[in-house]
Amino acid sequence: MSEKKPIRIAMIGTGLMGRIHTNGYKRLGDFFPEYEYRPVLQVACSRREEKIKAFAEQWGYASYETDWRKVIERDDVDAVDICTPNDTHAEISIAAAKAGKMILCEKPLARTLEEAKEMVEVIEKAGVKNTVWYNYRRIPAVTLAKQIVASGKLGKVFHYRANFLQDWTISPELPQGGDALWRLDVDAAGSGVTGDLLAHCIDTAMWLNGGIVDVSAVTETFIKERVHQGSGEKKKVGIDDACTFHCHFDNGSLGLFEATRYARGHKALYTFEINGEYASIRWDLHDMNRLEYFDHGDDSIVRGWRSIHVTDGDQPYMNRWWIPGTSVGYEHSFIHQVADFFKSLETGEPCHPTFRDAYETQKVCQAVLDSASSRSWKDTGVEWVEK
Ligand SMILES: NC(=O)c1ccc[n+]([C@@H]2O[C@H](COP(=O)([O-])OP(=O)(O)OC[C@H]3O[C@@H](n4cnc5c(N)ncnc54)[C@H](O)[C@@H]3O)[C@@H](O)[C@H]2O)c1
C-alpha cells in the first residue's frame, strides 16, 4: 500500500460540531481508502483543561491545548477546524490564514457582513485552502436534488420555498449566553435564526437555484429579556427568534423562507421544495434519505409524487456505504464534506462552499436583517456563480 500524506488537524471547539467533524476524520480512511491524504488528529482545543484532556483521550487526539492561539502557533498543525461559537470565527480564521494553515470553518461564516468581508480578503490573500461547513449539500438526497435541477428536468423554475423549524427556546426561563446558550446572546451569535438556521436554507437555495437578488423580511423577538448567564442579570434579547422573508432569484423565480425556534413540536424540521415548469422536487430532513419528485411528463394514469429512496450505489455518495435499501444519517453529510475536502487536496480544485461562497450567503443574511429592521426591500448584492 502506498504511503498516505498526513494532514495534521487542529480541532478548535469540541461541542456538537467538534464531535461530528472528528467522527468525519476518523471515518475517512475506512470508507474512502484510496484517497491520497489522510487526516491525523493532532490537537484538540477548548478552554477548560479537565474537559479537553478527557475529550482528547476519548476521541484519540495526540495532544490538547486550552488556548486557540497556541494551536495556531504550532508547527505540527496543517489544518485548523473551527467549531467554536460565531464570535470567534473571524479572529481564529484570520490568525490561521496568516500562519498559512488550511481552514475548515463552521457556519455562519461570521456574525456580520463586515467581519465576513475581512475574513474572505485575508484568506484569499494568504491563498490557503478553505471550506465552510454548509453540510446539507452533502446529504445524498440533497445532492441528488442538485443533479436533477442541473439535468434541466424541472424546466423553468417558478418557486423555491424552505423552512427550518425548531421549538427549543419557547420557555422564558431559559437564560442567554455562556456554554450551550451562546446562540441566544447576540454578541456571541451575531443573530438568531437568520444566521443559525436560514443561513443553511440560503446556502442550499443558492446552490440549487442560483443567486438571491433582493429580499423583504420580517423578524420577531418573542421573549424580550432573558437572564444572562455571565452577569446573572436580566438583559435585553438582541437576536431574532423567528424570521420570514420572500425574495427574487436571478432566474426569475420567487423564494419564500421561514425559520423559527417557536414552532412547538418541531425539533429540526428543515424542508425545501422547488416547483418548475415540468417537475417539482421536495425534501425533508426528518425523512432525509428520500427525495420527493413529481414529473408532469409521466403517463397521466400513473402520474403523481414519487418518493425516491436515495440508497442505490449510483446515487450520490451511496456507493461508499452499505447495500441498496439501507440508509445513512446526519453524520454522513460531514463525512462526505471531509471526503470532498481531502479529494480537493488531490485535485487542486476548491472545496465548495468556500469562504467566498459563504460570504455570498452572509450577504443575504445581512440583507434579511436590514430589511426587517428598516421594513423595506433590500438588494443583496450577491454575485453568485454556478458551483
Ligand atoms: N453545520 C451545522 O449543521 C451546524 C450545526 C450546529 C452548529 N454549527 C456551528 O458550529 C459552531 C459550534 O456550534 P456547536 O453547536 O458545536 O457549539 P457547542 O456550544 O456545542 O460547542 C462550542 C465549543 O466551543 C468551545 N469554545 C467556546 N469558546 C472557545 C474559545 N474561545 N476557545 C476554544 N474553545 C472555545 C466550547 O468549549 C465548546 O467545546 C457554531 O458556529 C455553529 O453555528 C453548525
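Reader: What numbering do the UniProt positions use here?
Author: UniProt positions follow the numbering used here, with feature names shortened, and an annotation may be inferred rather than shown by experiment. Also, this is a predicted model.

Reader: OK. Which feature does UniProt place at residues 7–132?
Author: The unreviewed UniProt entry gives "domain: Gfo/Idh/MocA-like oxidoreductase N-terminal" for that stretch.

Reader: And how much of 7–132 is helix, how much strand?
Author: Helix makes up 45% and strand 23%. The C-alpha atoms at its two ends are 18 Å apart.

Reader: Zooming out, how many helices and strands are in the protein chain?
Author: The protein chain has 10 helices and 17 strands. Its radius of gyration is 21 Å, close to the 21 Å from the globule rule for 387 residues, so the chain is as compact as a globular protein of that length.

Reader: What share of the residues is buried?
Author: Of the 387 residues, 47% count as buried.

Reader: Which domains does the domain assignment give?
Author: Domain 1 covers 5–135 and domain 2 covers 137–379. Their centres, taken over C-alpha atoms, are separated by 23 Å.

Reader: How many residues does each domain put into the contact?
Author: Domain 1 puts in 35 residues and domain 2 puts in 35 residues.

Reader: Which elements of domain 1 supply at least two residues each to the side touching domain 2?
Author: Those are α1 (16–31), α5 (113–126) and β6 (130–132). The most comes from α1, with 8 residues.

Reader: How do the residues on that side of domain 1 divide?
Author: On the side of domain 1 that touches domain 2, 20 are nonpolar, 8 polar and 7 charged.

Definitions and conventions
Residues numbered from 1 in each chain as written. Predicted model: local features only at pLDDT ≥ 70, side-chain atom pairs only at ≥ 80, totals over all residues. Helix = DSSP H or I, 4+ residues; strand = E, 2+ residues; numbered from the N terminus. Rg over C-alpha atoms; globule rule 2.2 N^0.38 Å. Buried ≥ 20, exposed ≤ 12 C-beta atoms within 10 Å, placed from the backbone. Domains from an automatic or database assignment. Contact = placed C-beta atoms within 7 Å. Nonpolar A, V, L, I, M, F, W, Y, C, P; charged D, E, K, R; others polar.
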